[in-house]
Amino acid sequence: MVDVLDNKRAATRFRILVQIAERQPAVSQGEIAEEVGVTSQAVSEYIRELVDEGLVEKEGRSRYRVTREGVDWLFRAADDVRRFADHVTGDILGAMSEDAYIATEDIEEGETVSLSVEDGLLHATPGSEGPATGIATSDADAGTDVGVTSFEGVMDLDPGTVTVLQVPSIRTGGSRTIDDETVTDACADADLVVATGVEAVVACRGAGTEPSVTFAVGDVAADAANHGLDVTVVATTDGVGRVTDALRDGDVSYEVLEG
């Protein structure tokens with residue numbers, strides 16, 4: 001294991017090698033000294049050691065280049081730093097953070113609660129039977145919000161599905177050209193129905209369905225699916241591309257239906 005986190009000297013070597021890699025081949029020891037916070041003489045000594053160890057090669061006066069061995073060393077060191085940062089942010093700070101949940105029953109401060117996602121929202125239930133647990137930071141009545149910290153485990157969450165139903169634009173007939181039954185069938189099993197484009201909104205209303213959202217529906221659908229909801233997006237043909245772009249950016253699987 002590379003010991004860049006164990007002592008100041010190792011950390012300084014790491015930072016100087018990074019600076020050489022960033023500035024090569026023309027390397028100003030004075031600029032590196034200012035960036036790292038050591039003297040120019042110290043930088044010169046560090047670089048001499050790095051050259052002797054084969055991590056850096058000298059190409060001329062004030063010209064240096066990181067060798068393949070030096071690049072490998074940097075990768076190992078950077079991996080150590082990344083793993084340590086992940087440990088701090090995920091295991092330590094994550095356990096110390098506090099999030100809001102909906103109490104499914106009355107909860108007392110300090111009580112262990114099981115955590116779950118229902119209808120896309122976080123819920124806390126007294127007890128430790130669930131795969132993910134935490135500690136309540138306050139008293140809460142059923143149905144109210146409660147703070148939870150000291151998280152352990154992983155919540156069960158199956159990603160939702162997204163169905164995109166195309167509605168012809170007004171240039172090709174608009175909502176009049178799509179059957180109400182087609183819209184009803186596409187929306188029947190959805191936890192959330194959203195629509196983009198006037199033609200799509202009119203088609204939904206004609207089928208007796210009022211869309212919950214009519215703006216930024218691609219982002220909304222992606223976020224809802226990632227929270228476990230099944231979503232139907234009714235979109236005018238002109239807007240389908242923007243919707244599917246947002247779904248791909250959100251790494252959400254989807255299917256597109258012709259209206």
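Start your tour at Ser150, which counts as partly exposed at 34% relative accessibility. Bear in mind as you click around that this is a predicted model.

**Stop 1: Ser150 and its strand**

Select residues 145-153 to light up strand 7, the home of Ser150. Now check the backbone: phi of Ser150 is near 55 degrees, a positive value in a residue that isn't glycine. That's worth a pause, because most residues other than glycine have a negative phi.

**Stop 2: Asp119**

There's another positive phi to look at. Pick Asp119, which isn't a glycine either, and you'll find a phi of about 55 degrees. Where does Asp119 sit? Look in the loop between strand 4 (112-118) and strand 5 (121-126). Is Asp119 buried or exposed? Its relative accessible area is 68%, so Asp119 is exposed; the cut-off for that label is over 50%.

**Stop 3: a cis bond at Pro25**

Next, select Gln24 and Pro25 together. The peptide bond running from Gln24 to Pro25 is cis, and its omega is near 5 degrees. As a rule, most peptide bonds are trans. Pro25 belongs to the loop that links helix 1 (8-23) with helix 2 (29-36).

While you're here, widen the selection to residues 19-68. An unreviewed UniProt entry annotates this span as "domain: HTH crp-type". Colour the span by secondary structure and you'll see 54% helix and 18% strand. Draw a distance line between the end C-alpha atoms of residues 19-68, and it should read 16 Å.

**Stop 4: Gly174**

Jump to Gly174, in the loop between strand 8 (162-167) and helix 5 (180-187). How much of Gly174 is accessible? Its relative accessible area is 0%, so Gly174 is buried. To see what surrounds Gly174, show Val167, Pro168, Ser169 and Glu199; these are the residues it touches once those up to four places away in sequence are set aside. Then add Ala200: although Gly174 and Ala200 are 26 residues apart along the chain, their C-alpha atoms are separated by 8.2 Å.

**Stop 5: Thr196**

Now select residues 192-196, which make up strand 9, and pick out Thr196. Thr196 is buried, because its relative accessible area of 17% falls under the 20% cut-off. Which residues is Thr196 in contact with, leaving aside neighbours within four places in sequence? Show Thr214, Val217, Val234, Ala235, Thr236 and Val243, and you have the list.

**Last stop: zoom out**

Clear your selections and show the whole protein chain as a cartoon. How many helices and strands does the secondary structure come to? Count eight helices and eleven strands. Turn the model along its principal axes, and the C-alpha atoms fill a box of roughly 80 × 55 × 25 Å. The radius of gyration is 28 Å, whereas a compact globule of 259 residues would come in near 18 Å.

Switch to a surface view next. The accessible surface of the protein chain is about 14,600 Å², and carbon and sulfur atoms account for 47% of that. Buried residues make up 39% of the 259.

Try colouring by charge too: the chain has 19 positive and 51 negative charges, and their mean positions lie 22 Å apart. One more thing to look for is links across the sequence. Of the contacts between residues at least 6 apart in sequence, 58% join residues at least 24 apart.

Notes. Residues are numbered from 1 along each chain as its sequence is written. This is a predicted model: local features need pLDDT of at least 70, side-chain atom pairs count only at pLDDT 80 or more; totals for chains, interfaces and linings use all residues. Side-chain values use heavy atoms; hydrogens and water are left out. Helices (H or I, at least four residues) and strands (E, at least two) are DSSP runs, numbered from the N terminus. The radius of gyration is taken over C-alpha atoms; the globule rule is 2.2 Å times the number of residues to the power 0.38. Buried means under 20% relative accessible area, exposed over 50%, partly exposed in between (1.4 Å probe, protein chains only). Contact means heavy atoms within 4.5 Å. Accessible areas come from the Shrake-Rupley method with a 1.4 Å probe; for residues, only the protein chains shown count as cover. Lys and Arg count as positive and Asp and Glu as negative; His and the chain ends are not counted. The place of a charge is taken as NZ of Lys, CZ of Arg, CG of Asp or CD of Glu. UniProt positions are given in the numbering used here, feature names are shortened, and annotations may be inferred rather than shown by experiment.
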